Amino acid sequence: KRWEAFRRRTQPSLRVGTAKFAQANAEKLPQANESIDVVVNVYLFHELPHEARRAAAAEMARVCKPGGLVVWVDSVQTGDRPA
C-alpha cells in the first residue's frame, strides 16, 4: 500500500487542482499566443545552444498572457560566458 501511494504522488500529472501541466519543445510551444498564465522552465537554458535559447525565450514571451509570469531557474555552468 505504501509503495502504491508513493507512486500515485510521484507520477506526472496533467492536472493538479486548476493547474494544467504540459511538456513541449521550448523552441516551438504548441500553445496559442497569450494563452498561458505562468510559464516555468527549470535548469533548461544551460543545456541549449545560444540560438535555441533565443528561440525558447521568444516562445515563452509569446505564449505568456499580458500580466502573466515567466519563471526562469537556471545555473551558471563551467564555460558559460556572457553573450
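Me: Why is the unit made by β3, helix α2 (residues 50-63) and β4 called right-handed?

Reply: In this predicted model, the three elements make a β-α-β unit. The unit is called right-handed because, with the strands pointing away from the viewer, the path from β3 over helix α2 to β4 runs clockwise.

Me: What makes β3 and β4 a strand pair, and in which sense do they run?

Reply: Pairing requires at least two bridges between the strands. β3 and β4 have 6 bridges, in the parallel sense, and therefore count as paired. Within this pairing, Val-42 has Val-73 in β4 as its bridge partner.

Me: Where does this unit stand in the order of elements along the protein chain?

Reply: The protein chain contains 2 helices and 4 strands, and the pattern along its sequence is α-β-β-β-α-β.

Me: Why is the contact between Lys-65 and Asp-37 called a salt bridge?

Reply: The criterion is a side-chain nitrogen of Lys or Arg within 4 Å of a carboxyl oxygen of Asp or Glu. The closest N and O atoms of Lys-65 and Asp-37 are 3.3 Å apart, so the pair qualifies. Since Lys-65 belongs to strand β4 and Asp-37 to strand β3, the salt bridge ties together parts that are 28 residues apart in sequence. Side chains of opposite charge can pair when their charged atoms come close.

Me: Are Lys-65 and Asp-37 buried, partly exposed or exposed?

Reply: The partly exposed class lies between 20% and 50% relative accessible area. Lys-65, at 32%, therefore counts as partly exposed. Asp-37, at 48%, is also placed in the partly exposed class.

Me: How do you know that Arg-62 and Glu-59 form a salt bridge?

Reply: Their side chains come to 2.9 Å, N to O, and because the cut-off is 4 Å, the pair meets the rule. Both residues are in helix α2, and their spacing of 3 residues corresponds to about one helical turn. By this rule, 2 salt bridges are counted.

Me: What makes Glu-59 buried but Arg-62 partly exposed?

Reply: Buried means under 20% relative accessible area. Glu-59 has 12% and so counts as buried. Arg-62 has 25%, which places this residue in the partly exposed class. Of the 83 residues of the protein chain, 16% are counted as buried.

Me: Why is Val-40 called exposed?

Reply: The exposed class begins over 50% relative accessible area. Val-40, in strand β3, has 52% and is therefore exposed.

Me: What makes Val-38, Val-40, Val-42, Tyr-43, Leu-69 and Val-73 a nonpolar patch?

Reply: Membership requires over 30% relative accessible area and no salt bridge, with nonpolar side chains joined within 5 Å. These six residues form such a patch on the surface, and together they have about 520 Å² of accessible area. β3 (36-42) and β4 (64-73) each supply at least two of its residues, and the largest share, 3 residues, comes from β3.

Me: How do you know that Glu-34 contacts residues far from it in sequence?

Reply: Contact means heavy atoms within 4.5 Å. Leaving aside residues up to four places away in sequence, Glu-34 touches Arg-62, Val-63, Cys-64, Lys-65 and Pro-66. Glu-34, in the loop between β2 (19-20) and β3, is 30 residues from Cys-64 in sequence, yet their C-alpha atoms are 4.8 Å apart. Across the protein chain, 75% of the contacts between residues at least 6 apart in sequence join residues at least 24 apart.

Methods. Residues are numbered from 1 along each chain as its sequence is written. This is a predicted model: local features need pLDDT of at least 70, side-chain atom pairs count only at pLDDT 80 or more; totals for chains, interfaces and linings use all residues. Side-chain values use heavy atoms; hydrogens and water are left out. Patches are made of residues with over 30% relative accessible area and no salt bridge: like charges are joined within 9 Å, nonpolar side chains (Val, Leu, Ile, Met, Phe, Trp, Tyr) within 5 Å. Accessible areas come from the Shrake-Rupley method with a 1.4 Å probe; for residues, only the protein chains shown count as cover. Buried means under 20% relative accessible area, exposed over 50%, partly exposed in between (1.4 Å probe, protein chains only).
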